[in-house]
Amino acid sequence: MTAYPDAPPEAIWRPSPNFGTRRGGARPDILLLHFTNMATAEEAVERLCDPVACVSCHYVIAEDGRLWQLVDEAERAWHAGHGCWGKISEVNSRSIGIELANRGHHPFPQPQMRALEALARDIMARWHIPPERVISHSDIAPDRKDDPGPHFDWRRLALQGLAVWPRHHPSADPSEFRPLARQVGYGADFTDADILAAVRLRWRPGARGPLAAQDMAVLADIAERFPVDRGGQGA
């Protein structure tokens, strides 16, 4: 069998029936990262290819770096569910989804991270996705999702230009929490607690307790440098 035209040469082609056409002629401008929360990568692939499950993604990466492609990047995979990022409420039509074999309880192995970095670099170049549009499932749905979780190394991606990481920034007034969160991309329908949890999963893993100056500094910096709807990407 022949893989999809955009598949990396090392990818295992395992087509899923669970996909459709991107709505409204949308092109992907978000790269969305998940963890599988299943025992093995193979088990995750089987579920994502099961027509009864009604879920899928574009790629799955195993702990040892093996890579499967399940859906053509040009098509709409069913991985995001209900969520939003900035003004985008139909995330599936605007994203490419990558599932990483992990249950969220341990770091992501080196072979898996190297495979992700190579794949992300390729996708971002092909679809002109900027680093600030590489986000987590917990970013778009902080009320119900926590993947890829606190053990995922976002800073490592950021150092390669594959994500963003906060710089030192003076803390903002706590009253600015919601406006700054909206500027970063977090939806207005989520609670303060859900948004704070998502912010900490991304940029302050391990932080606990009430809203802190460090949380506000992160939001202020990311909102200033990477406002979600700049350049018309939120339409």
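Author: A quick definition first: a residue counts as buried when its relative accessible area is under 20%. Bear in mind too that this is a predicted model.

Reader: OK, take His137: is it buried or exposed?
Author: His137 sits in helix 3. Its relative accessible area is 4%, and the cut-off for buried is under 20%. So His137 is buried.

Reader: Which residues is His137 in contact with, leaving aside its neighbours within four places in sequence?
Author: Some of these partners come before His137 in the chain, namely Leu32, Leu33, His34, His79 and Ala80. The others come after it in the numbering: Arg144, Lys145, Asp147 and Pro148.

Reader: Pro148 is on that list, so to speak. What is the peptide bond from Asp147 to Pro148, cis or trans?
Author: Pro148 lies in the loop between helix 3 and helix 4 (154–159). Most peptide bonds are trans. For the bond from Asp147 to Pro148, though, omega is near 5 degrees, which makes it cis.

Reader: Let's go to the largest pocket. Which residues are the closest to its centre?
Author: The largest pocket holds about 470 Å³ of space. It is lined by 22 residues, and the ones closest to the centre are Arg47, His79, Glu99, His137 and Lys145.

Reader: Which element gives the most to the lining of the largest pocket?
Author: Two elements give two or more residues each, strand 3 (30–35) and helix 1 (41–48). With three residues, the top contributor is helix 1.

Reader: How many charged residues are in the lining of the largest pocket?
Author: Sort the lining by class and you get eight nonpolar and eight polar residues. What remains is the charged group, and its count is six.

Reader: And the largest cavity: how many polar residues are in its lining?
Author: The structure holds one cavity of 30 Å³ or more, with about 90 Å³ of space in it. Trp85, Glu132, Val184, Ile222 and Phe226 lie nearest its centre, out of 14 lining residues. Eleven of the lining residues are nonpolar and three are charged, while the number of polar ones is none.

Reader: How about the sheet: what is the order of its six strands?
Author: Strands of a sheet pair through backbone hydrogen bonds, either parallel or antiparallel. Here the sheet is open, with mixed pairing. Its edge strands, each pairing on one side only, are strand 1 (12–13) and strand 8. The full order is 1-5-4-7-3-8.

Reader: Do strand 3 and strand 7 pair over how many bridges, I mean, what is the count?
Author: Strand 3 and strand 7 run in the parallel sense. Phe35, for instance, stands opposite Leu100 in strand 7. The number of bridges between strand 3 and strand 7 is six.

Reader: Is the pairing of strand 4 and strand 5 parallel or antiparallel?
Author: Strand 4 has two pairings to look at. With strand 7 there are three bridges, and those two strands run parallel; Val60 stands opposite Glu99 there. With strand 5 there are three bridges as well, and Ile61 has Leu67 as its bridge partner. The sense of the pairing between strand 4 and strand 5 is antiparallel.

Reader: Which residues point the other way from Ser95, Gly97 and Glu99 in strand 7?
Author: In a regular strand the side chains alternate between the two faces of the sheet. In strand 7, six of its six residues are buried. With Ser95, Gly97 and Glu99 pointing one way, the ones pointing the other way are Ile96, Ile98 and Leu100.

Reader: Which side chain does the one of Ser95 join in a polar contact of 3.0 Å?
Author: Ser95 is buried, with a relative accessible area of 0%. The backbone oxygen of Val91 is 2.8 Å from a polar atom of the Ser95 side chain. In the 3.0 Å contact between side chains, the partner of Ser95 is His79.

Reader: One last thing: is His128 buried or exposed?
Author: His128 is in the loop between helix 2 (110–127) and strand 8. Its phi is near 60 degrees, a positive value in a residue other than glycine. The relative accessible area is 63%, and the cut-off is over 50%, so His128 is exposed.

Key. Residues are numbered from 1 along each chain as its sequence is written. This is a predicted model: local features need pLDDT of at least 70, side-chain atom pairs count only at pLDDT 80 or more; totals for chains, interfaces and linings use all residues. Side-chain values use heavy atoms; hydrogens and water are left out. On a 1 Å grid over the protein atoms alone, a cavity is a set of points where a 1.4 Å probe fits but cannot get out, and a pocket is an open set with protein on both sides within 12 Å along at least five of seven lines; lining residues have an atom within 4 Å of a point. Grid points are joined across faces, edges and corners, and a volume is the space filled by probe spheres set on the points. Helices (H or I, at least four residues) and strands (E, at least two) are DSSP runs, numbered from the N terminus. Ala, Val, Leu, Ile, Met, Phe, Trp, Tyr, Cys and Pro count as nonpolar, Asp, Glu, Lys and Arg as charged, and the others, Gly among them, as polar. Buried means under 20% relative accessible area, exposed over 50%, partly exposed in between (1.4 Å probe, protein chains only). A polar contact is a pair of N or O atoms within 3.5 Å; within protein, one must be able to donate a hydrogen and the other to accept it, and residues adjacent in sequence count only if both atoms are side-chain atoms. Two strands pair if DSSP finds at least two bridges between them. Contact means heavy atoms within 4.5 Å.
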